[in-house]
Structure formats: C-alpha cells, structure tokens
Amino acid sequence: MLCTIASRLLGIVKARVLSSVFGASGVADVINFTFNIPNNFRKLFAEGAVNSALIPAFSSLLGLGKKRSSLHLFSLLCTYQTMLLIPLVLLSYFFGEEFLSLISDFDSAQVALGAKLLPFFMVYLAAISMAAIFNGVLQSHHNFLHAYLSPLLFSLSVIFGVQYLTPYLGAMSMAWATLVGGLLQGSYSYLMLRRYGYRLKPAIRKADTPLKPVIGAWSLVVLGMGMQVLTQLVTYHFASTLSEGSVTAFANATIFYQTPYGVFFNAISAVSLPLLSRSYALGHMQEMQKHTRVSIVQLTSLLLPSGIILFFLSQE
C-alpha cells in the first residue's frame with residue numbers, strides 16, 4: 001500500500017508537471033487523449049484482466065508444489081502476450097491518423113501529432129503488459145515490494161523526461177519519457193522475477209499447465225473490462241468536442257477519483273487474491289471465507305471515507 005500511495009502521489013506530480021509544461025492547451029489535450037488509449041487498454045492486457053486470471057492460477061500451482069508447471073505457464077503467457085501486442089503496435093504506427101480521426105474531434109494538426117505519439121505509447125502498453133505478468137507471478141510468490149516498486153520508475157521517467165526534454169523535443173518528450181519509463185518498469189520486474197527461476201522463453205504447447213482455464217478466465221474478465229474501455233473512449237471523444245483544455249481537465253479529474261481505488265483496492269487485492277487462491281486450491285473453505293470477509297471490511301472502511309473526502313474537498 002505504501003508503494004501504491006507513492007506511485008499515485010507521483011502520478012499527481014506527473015499530471016502537475018504536464019499541466020505546468022503544456023498548460024490547458026490543444027497540445028496537452030492531444031497528449032492526454034492519446035495516452036488514454038494505451039492507458040485504458042492496460043485494463044485488458046495488463047493489471048485488471050491479467051491479474052484476475054493469472055494470480056489464482058500461479059498461486060494454486062505453487063500451493064500444490066507444481067513449480068515446473070508454473071515456469072512453463074509463464075513462458076506460454078509471455079509468448080501469447082507478445083504475439084497479441086506486436087500487431088497492435090504495428091497498427092498504431094501505420095494507421096494511427098485514421099484511428100485518431102475516427103475516435104476524436106481534433107483538427108488535422110492535432111491528429112497528426114497524436115499519430116506521432118501513439119506508437120510510442122503502444123510500445124509502453126506492450127512493456128507494462130509484460131510487466132503485469134511479471135508482477136502477478138511475483139505476487140503469487142508473496143513478493144509484493146518489488147511488484148509495486150516498479151511503477152514508480154515509470155512516473156519518475158515521465159516527470160523528469162517532460163520537465164527537462166520538452167525544450168528540445170516539444171510534445172515528443174512525453175513520447176520518449178513514456179517509452180523509457182515502460183521499458184524500465186518491465187525490466188525491473190523481470191530482473192526481480194529471475195530470482196525464482198523464471199526465464200523469457202518462447203513456448204507454444206500447453207503441456208501440464210492450466211492454460212485453457214487461464215485464457216477462459218481472462219476472456220470473461222475482458223468482457224467486463226471491455227465495457228469500461230468503450231465507455232471511457234466514448235467519454236474522451238465527447239470531451240474532444242468541447243472547448244480547448246476540456247480533455248486535460250477530464251484526465252486530471254480521472255486521476256484524482258481513481259487514486260483511492262488504486263491505492264486501497266490494488267493493495268488489498270494484491271495480498272488477498274493469492275491467499276484466497278491457495279486456500280481454494282487446498283480445499284480450506286473456512287480460511288477462504290475468513291480472507292474474503294476481512295478484505296471486504298478493509299475495503300469498505302477505507303474507500304467509503306475516501307469517497308466522502310473527495311466529494312467535500314474536490315476544489316482543494
């Protein structure tokens with residue numbers, strides 16, 4: 001939770017730096033709008049969807065002492081994730097302008113700038129999607145510190161990159177800072193994971209792994225997350241039709257309302273989900289009920305006051 005708080009505070013600093021450097025301008029709107037695309041799709045390829053399907057599988061395998069199956073499942077997931085994301089990166093490079101013209105109401109100059117930024121942001125999506133697998137496995141090994149330290153590297157990269165490179169690169173400083181930050185986050189998580197014997201190796205055959213249930217669970221989660229992605233894309237499209245600075249204002253508001261969720265839900269679920277999965281795999285139903293009850297009480301006691309505070313102190 002402390003690491004997540006630090007990450008969210010850096011996220012607010014990052015938003016402050018972007019606002020001070022680019023203002024509530026058309027350029028800022030393009031940066032926030034374009035960055036929202038991969039940042040939104042991370043719900044499908046990283047964080048939410050991947051962890052919901054991945055952590056239970058790895059926690060169960062490790063709880064049952066099936067380390068070899070765990071290693072092979074890791075290779076399979078990394079291989080399939082790579083095969084899925086490389087075409088998305090290529091599509092963003094060759095058809096970025098067409099895509100942005102479809103989902104935004106920007107003028108031609110803004111669309112052209114967004115099309116230059118988008119491939120960098122999509123490589124960032126690929127990097128953090130791989131990092132999500134690495135961090136999920138780390139959490140299954142009850143290594144929470146390194147799993148939640150890695151996102152700090154991304155925020156620091158963007159803060160310093162935008163602050164010091166903008167005089168030389170303009171809006172593209174955000175592109176390069178995002179790219180470097182994503183690669184740093186993924187590399188750090190992978191180096192920490194290597195301690196447990198995991199290696200990036202291509203693999204196709206499922207062998208003795210629960211690959212099919214993992215993909216099935218991921219597909220179900222994607223349906224729900226996909227509706228969130230679609231909703232936010234539509235919302236950002238409407239924001240792009242409003243006066244200059246509206247997208248930036250909306251992006252900043254989103255950062256603030258998501259902060260308590262990101263801090264408390266992510267921290268509590270990161271610890272409770274592996275425990276729940278192991279209890280279920282071992283048939284310890286009473287223990288599983290206890291973990292569920294404690295998690296719900298913790299979430300309610302933290303998120304409810306947070307919502308009230310944000311409502312009454314929104315201006316401040």
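A polar contact is a pair of N or O atoms within 3.5 Å, of which, within protein, one must be able to donate a hydrogen and the other to accept it. In this predicted model, such a contact occurs at Ser20, where a polar atom of the side chain lies 2.9 Å from the backbone oxygen of Val17. Ser20 belongs to helix H1, which spans residues 2-22, and with a relative accessible area of 53% Ser20 is exposed, because the cut-off for that class is set at over 50%. Between Ser20 and Met122 there are 25 Å in space, taken from C-alpha to C-alpha, and a separation of 102 residues in sequence.

Met122 is also one of the residues through which helix H6 meets helix H4. The axes of H4 (residues 67-94) and H6 come within 9 Å and cross at roughly 170 degrees, so that H4 is roughly antiparallel to H6. On the side of H4 the contact is made by Phe74, Leu77, Cys78, Gln81, Thr82, Leu85, Leu88, Val89, Ser92 and Tyr93, while the residues of H6 include Leu118, Pro119, Met122, Val123 and Phe134. Divided by class, the contact of H4 with H6 comprises 17 nonpolar and four polar residues, with no charged residues.

Helix H6, covering residues 108-140, also supplies 12 residues to the largest nonpolar core, which is the largest share of that core. The core has 47 residues in total, and those touching the most other members are Phe22, Phe33, Leu117, Val162 and Met174. When neighbours within four places in sequence are left aside, Leu117 is in contact with Val30, Ile31, Thr34, Ala171, Met172 and Ala175. Another core, of 28 residues, lies apart from this one, and among its members are Leu61, Phe74, Cys78 and Val214.

A further helix pair is formed by H10 (residues 246-281) and H11 (residues 285-312), whose axes come within 9 Å and cross at roughly 180 degrees. Because angles over 145 degrees count as roughly antiparallel, H10 is described as roughly antiparallel to H11. The residues of H10 that meet H11 include Phe256, Tyr257, Pro260, Tyr261, Phe264 and Phe265, whereas those of H11 include Met285, Glu287, Met288, His291 and Thr292. In the contact of H10 with H11, 16 residues are nonpolar, seven are polar and one is charged.

Methods
Residues are numbered from 1 along each chain as its sequence is written. This is a predicted model: local features need pLDDT of at least 70, side-chain atom pairs count only at pLDDT 80 or more; totals for chains, interfaces and linings use all residues. Side-chain values use heavy atoms; hydrogens and water are left out. A nonpolar core is a set of buried Ala, Val, Leu, Ile, Met, Phe, Trp, Tyr and Cys residues joined through side-chain atoms within 4.5 Å. Buried means under 20% relative accessible area, exposed over 50%, partly exposed in between (1.4 Å probe, protein chains only). Helices (H or I, at least four residues) and strands (E, at least two) are DSSP runs, numbered from the N terminus. Contact means heavy atoms within 4.5 Å. Axes are lines fitted to C-alpha atoms, for helices over the stretch in contact, and angles run from 0 to 180 degrees between N-to-C directions. Angles under 35 degrees count as roughly parallel, over 145 as roughly antiparallel, 65 to 115 as roughly perpendicular and the rest as oblique. Ala, Val, Leu, Ile, Met, Phe, Trp, Tyr, Cys and Pro count as nonpolar, Asp, Glu, Lys and Arg as charged, and the others, Gly among them, as polar.
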